[in-house]
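Dear colleague,

I am passing on the structure we spoke about, and below it you will find my notes on what turned up in it. Please read them with the model open beside you.

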Amino acid sequence: MRRAIDNRPPAKGMHVNRNPVALVVVLSAWTGMAGADGLKPPPTKEGLWETHSIQTQQGKTMSDSTVKMCQSNELTKSMQSNGEELRKKNECTSSVTQPSANTYVEESRCAKGPSPGSVTKVIYTHQGDTSSHTEMHMTLLGKTETVMLIDAKYVGSCPAGMKPGDLIIDGKVISGGY
């Protein structure tokens with residue numbers, strides 16, 4: 001049975017918060033790898049998206065959650081811009097390849113930030129504008145590996161009263177702050 005949100009503290013060496021703002025940052029991964037050397041994946045459909053993510057560290061499941069988020073192209077651009085700024089601030093360098101028409105692979109290294117010296121590999125595969133699968137592998141100092149698998153799918157229009165960036169967690173709408 002899936003847990004909607006895992007409230008256990010993160011394992012030593014992990015810097016993941018389990019609050020709605022942090023979830024928005026994590027969810028931005030499936031909107032496209034922000035700022036990665038000219039990478040321009042196709043736009044995603046505007047509306048309500050459901051994202052299931054599983055995070056493991058050294059092979060042990062640390063979290064398993066499902067979140068819905070109201071998405072728009074404007075929000076995606078904002079999240080990508082925020083990602084670009086974070087990459088600059090953390091002095092990240094990256095390379096991107098496109099092994100197939102619907103798959104992008106980015107490998108990046110960051111000199112600063114919460115995990116200096118970390119290496120992150122992201123494999124992003126989209127199925128048109130309505131679903132994607134993302135694998136993020138982060139290795140800290142060549143020792144600790146954290147893996148996050150994110151499956152996202154379009155589920156329909158945003159419910160009345162929701163605006164882009166708003167989340168649905170455990171059936172409750174939470175403002176995304178955008």
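**Aromatic pair and sheet**

In this predicted model, the count of aromatic pairs comes to 1. The rings concerned belong to W49 and Y154, and because their centres lie 6.2 Å apart with the planes at 70°, where over 60 degrees is the cut-off, the pair is classed as edge-to-face. It connects distant parts of the chain, since W49 sits in strand β1 (residues 47–57) and Y154 in strand β7 (residues 144–156), with the two positions 105 residues apart in numbering. W49 has a relative accessibility of 0% and therefore counts as buried, whereas Y154, at 23%, counts as partly exposed.

Both of those strands belong to an open sheet of 9 strands with antiparallel pairing, whose order is β3-β4-β5-β6-β7-β1-β2-β8-β9. The edges are taken by β3 (92–100) and β9 (172–174), and because each has a single partner strand, one side of each is left without a neighbour in the sheet. From one strand to the next, the twist averages 20°.

Within the sheet, β5 (residues 119–127) and β6 (residues 131–140) run antiparallel and are joined by 9 bridges, and H126 stands opposite S132 in β6.

As for the helix that you will see against the sheet, α2 (residues 73–89) lies across β2 (60–71), β3 and β4 (103–110), and runs at about 135° to β2.

With best wishes

Notes
Residues numbered from 1 in each chain as written. Predicted model: local features only at pLDDT ≥ 70, side-chain atom pairs only at ≥ 80, totals over all residues. Heavy atoms only, no water. Pairing = 2+ DSSP bridges. Helix = DSSP H or I, 4+ residues; strand = E, 2+ residues; numbered from the N terminus. Axes fitted to C-alpha atoms, helices over the stretch in contact; angles between N-to-C directions. Contact = heavy atoms within 4.5 Å. Phe/Tyr/Trp six-rings, centres within 6.5 Å; stacked < 30°, edge-to-face > 60°. Buried < 20%, exposed > 50% of the residue type's maximum accessible area, 1.4 Å probe, protein only.
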